[in-house]
Amino acid sequence: MKGFRQRLDTVVIGAGVLGLATTDALRRRGVDVVCFDGRTPGQGQSGGRTRSFRHRHDDPRLVRMAADSLALWRRWEERSGRVLIGPEGTAYAGMSEADAEGLRIHDVRHEWVEPEKVTTVFGPLAPVSGPLLVDPTSGAIRTRSTIKALQGWVGDRIRRQDVHGVTIPDDGEGVELHTEDAIYRARHVVICAGTETPRLAAGVGLEIPLDQALHTRPHYRVREGYQATPIPCWVDRSGEFGETVYGSLIGGTDEFVVGLIGQGVDVDMNDGLPPGTEMESHVRRLTEYVERAMPGLVPEPVGIRVCVMTKLPGGSDAFGVWNVPGVTATTGHNLFKMAPLLGELLADSALNGRPSDELRDITASALVAG
Ligand SMILES: Cc1cc2nc3c(=O)[nH]c(=O)nc-3n(C[C@H](O)[C@H](O)[C@H](O)COP(=O)(O)OP(=O)(O)OC[C@H]3O[C@@H](n4cnc5c(N)ncnc54)[C@H](O)[C@@H]3O)c2cc1C
């Protein structure tokens, strides 16, 4: 190895929730790990104040992963001494027996709540014609507390530098990384760089078909009188109120975030600059939805967050893990809830030099259009 190159054992690129979780898992196992990120940790796709933790997924393997992840979230809560997933639960409208069965086979607690009783679990909701499926052990993730806890645990393992490129050198000795002021050689590199993952992974020959889009999510104030019981995370696929949406409380506030789900509800970034009118139209549709579906919320946004989100062809819950000797890369969508588990699995991959067969299997489905 040439003298001007600095040697590192394990490198994580990106200090979003996945990179931080992976760095923490490696550090706890005694690995000499460095996490590079030129920006403030947790400000990429992991930014904002809330995410839903829900168990239900179309792919039953993801239900199991979510259940395993929740057990690790509870350990993070013990270590941090803070609530990281609130007690709100999740309510789903428009679900079938197959959805309940997906939870049942993995022993995830759930119940059906009949239409006449829905306000006992979701106070602000308008009358509905079908039952809600309720998953009481899930809830709203306190994202900022999570990032803060992780930052505290990884401490000085973070280096405030971006990695410009990752390559496999001709002499085959480790993996080469380029930053503004050094060239490094590492034994193993884990790429968790969000939107930048495909570019960095391309440097070692990995092709990751990741789409990026702009997503608009306004939040609304909960009216007085509806704040007594915690409002669950919300998934409405019923179409009864004219839109399919998700929602979650911003923990510790009286604000509820709502966003559109489904095809064509994000602004495609490959089409050049996004037209503001498209985002305005999404806010208008959501506000009209709130007016129809949630009389317990004031139908005027008190704030709007526009964020970049990444998606693989397999759909909005698809994620993948790619690997060549010395490098593991991961990306997908809706991964905040999986972070404690993925951190452990990516740490395994860095130590064993390859992801587990289960992770490889999930990657295959991430590449099939869902
Ligand atoms: C609007 C919205 C709603 C969502 N809702 C949910 C939800 O309800 N539940 C859920 O579980 N998930 C949800 N997600 C998804 C979840 O937030 C993301 O999957 C997760 O935060 C991704 O984390 P990450 O660490 O992979 O990426 P990021 O948080 O994007 O982190 C990547 C990091 O890499 C750094 N980086 C980039 N390039 C480089 C480089 N060259 N060198 C060094 N560092 C680099 C960036 O600065 C960044 O800090 C949502 C996402 C969005 C945007």
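The following exercises, each with a worked solution, concern the ligand site and the cavity of a predicted model.

Residues are numbered from 1 along each chain as its sequence is written. Local features need pLDDT of at least 70 and side-chain atom pairs count only at pLDDT 80 or more, while totals for chains, interfaces and linings use all residues, and side-chain values use heavy atoms, with hydrogens and water left out.

**Exercise 1.** Determine how many residues surround the ligand, and of which classes they are.

*Solution.* Begin with the shell, in which a residue counts if one of its heavy atoms lies within 4 Å of the ligand; this gives 32 residues, the closest being Asp37, Ser46, Arg51, Val163 and Lys337. Sorting them by class then yields 14 nonpolar, 10 polar and eight charged residues, where Ala, Val, Leu, Ile, Met, Phe, Trp, Tyr, Cys and Pro count as nonpolar, Asp, Glu, Lys and Arg as charged, and the others, Gly among them, as polar.

**Exercise 2.** Find where the ligand lies relative to domain 1 and domain 2.

*Solution.* Domain 1 (6–45 + 146–210 + 315–366) and domain 2 (90–136 + 211–311), with bounds from an automatic or database domain assignment, both contribute residues to the shell, so the ligand lies between them.

**Exercise 3.** Identify polar atoms of Asp37 and Gln45 that face ligand oxygen atoms.

*Solution.* Take pairs of N or O atoms within 3.5 Å. A side-chain N or O atom of Asp37 is 2.6 Å from a ligand oxygen atom, whereas for Gln45 a polar backbone atom is 2.9 Å from one.

**Exercise 4.** List the residues that line the largest cavity.

*Solution.* With lining residues taken as those having an atom within 4 Å of a cavity point, the list is His57, Leu62, Asp317, Phe319, His333, Asn334, Leu335, Lys337 and Met338; by class, four are nonpolar, three polar and two charged.

Methods: Polar contact = N/O pair within 3.5 Å; in protein donor to acceptor, adjacent residues only side chain to side chain. 1 Å grid on protein atoms, 1.4 Å probe; cavity = no way out; pocket = protein on both sides within 12 Å on 5 of 7 lines; lining within 4 Å.
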